[in-house]
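Q: I am new to this structure and would like a close look at one part of it. Could you pick a helix pair and walk me through what surrounds it, step by step?

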Amino acid sequence: MFSLEKIVRKNIWNLTPYSSARDEFKGTADVFLDANENPYGNLNRYPDPQQIKIKEKLAKIKNVSTDQIFIGNGSDEVIDLAFRIFCEPGVDKALTFSPTYGMYDVSADINNIELIKQPLINDFQINLNQLQPYLDDPLVKIIFVCSPNNPTGNTLNTDDVEYIIENFEGVVIIDEAYIDFSSKKSFIEKINEYPNLIVSQTFSKAWGLAGVRVGVAYTNNAILDLYNRVKPPYNVSVLNQDAVLESLHNFSDVQKNIDIILEERSRLKQRLASIKKVNKIYPSDANFLLVNVDDADKTYNYLIERKVIIRNRNKVINNCIRITVGTPEENERLIEALKNIS
Ligand SMILES: Cc1ncc(COP(=O)(O)O)c(C=O)c1O
């Protein structure tokens, strides 16, 4: 049986969190002399520590309640806080499926946590048979499931992911940074069903706000409470909150851009398929394509010389490059450059 108390670090379970001025008084008033702010200037006030306006908008779009939403300084903060809440440094472990997003590894290292990396098999799917011993290991506190996965681009099988959530007594974080480009369903609708589920999304990809640094975790109220206790009090700036709010008000523009990127993804795929040195284009549920070429290092350097930058993933997946879907013009420039490679 899953018990939150059993998997949370003792010091975090017993933590008395910081209570900011804006936590203690939330109403409207005429004179604010409570937060040692400067009375002059445009950005002189601290931001809303609970980002409630964003949560109210997001709750409607995602069909959840505001107390199931955590707003972070990028999803990297969602990942880092998970280590700090659940994993005792030097003792506990976490697990993910490789190849995947590199920050799980770096964040684990920073927090002095061993990250077990289980290789994906058969077109980058989870090997459930080999996973079983880890599901039963009480020191494994978090499993990161990146779906759609970076850099492979595919969505992981829903049944496998559900099996993990149901049979693991730690927390499962499904990183859905690319879910808006996928035809598969988000796991957000399962957060009421599973007490050990956190779904992480971001404004950096489909919303086009990577510069703003805002990530989101959807989870139950008990886990949310832990996140709120551990996060820095004012973790999302006024400027960042405003940028997100503006985007939330223009949701239809975001949807239009996603549609364009999806069209471009299939066009780019077709164009790449006609290039001689391209051997395989992997199926993608994300805004990038993983492509196997004759010589990834050579292709990468050749493109750099032509001022076109892609990601060389040769060290992770043999002779593979990862290409982000750009504008039609940018994609055409890439194709033209690739056509001329000798
Ligand atoms: C799978 C995955 N998760 C999270 C992130 C980072 O998201 P954010 O910009 O919200 O920190 C990335 C960025 O590339 C990613 O690929």
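A: Here is a walk that starts with two helices and moves on to a loop and some salt bridges.

A word on the ground rules: this is a predicted model, in which local features need pLDDT of at least 70, side-chain atom pairs count only at pLDDT 80 or more, and totals for chains, interfaces and linings use all residues. Residues are numbered from 1 along each chain as its sequence is written, and side-chain values use heavy atoms, with hydrogens and water left out.

Let's begin with the helices. Two packed helices are described by the angle between their axes and the distance between the axes. Helices here are DSSP runs (H or I, at least four residues), as are strands (E, at least two), and both are numbered from the N terminus. The axes of helix 7 (residues 128-135) and helix 8 come within 11 Å and cross at roughly 20°; axes are lines fitted to C-alpha atoms, for helices over the stretch in contact, with angles running from 0 to 180 degrees between N-to-C directions. Helix 7 is therefore roughly parallel to helix 8, a label for angles under 35 degrees (over 145 is roughly antiparallel, 65 to 115 roughly perpendicular, and the rest oblique). On the helix 7 side, Leu128, Leu131, Gln132 and Leu135 make the contact, and on the helix 8 side Asp160, Tyr163, Ile164 and Asn167 do. Contact means heavy atoms within 4.5 Å.

Next, have a look at Phe187. You will find Phe187 in the loop between strand 5 (171-175) and strand 6 (197-202). Its relative accessibility is 8%, so Phe187 counts as buried (buried is under 20% relative accessible area, exposed over 50%, partly exposed in between, with a 1.4 Å probe and protein chains only). Setting aside neighbours within four places in sequence, Phe187 is in contact with Thr158, Val161, Glu162, Ile165, Ile174, Glu176, Leu197 and Val199. Helix 8 spans 158-167, and Thr158 is one of those contacts of Phe187.

After strand 6 comes another loop to visit. Lys205 lies in the loop between strand 6 and strand 7 (215-218). UniProt, in an unreviewed entry, lists Lys205 for "modified residue: N6-(pyridoxal phosphate)lysine"; UniProt positions follow the numbering used here, feature names are shortened, and annotations may be inferred rather than shown by experiment. Lys205 counts as partly exposed because its relative accessibility is 31%. Beyond its neighbours within four places in sequence, Lys205 is in contact with Ala177, Tyr178 and Phe181.

Finally, the salt bridges. A salt bridge is a side-chain nitrogen of Lys or Arg within 4 Å of a carboxyl oxygen of Asp or Glu, and by this rule the count comes to 21. One of them joins the side chains of Glu169 and Lys6, at 3.7 Å from N to O. Glu169 sits in the loop between helix 8 and strand 5, and Lys6 in helix 1 (residues 4-7), so this pair ties together parts that are 163 residues apart in sequence. Glu169 is partly exposed at 39% relative accessibility, and Lys6 is exposed at 57%. Another salt bridge links Asp253 and Lys256, again with N to O at 3.7 Å; both residues lie in helix 11 (residues 251-273), three residues apart, about one turn of the helix.
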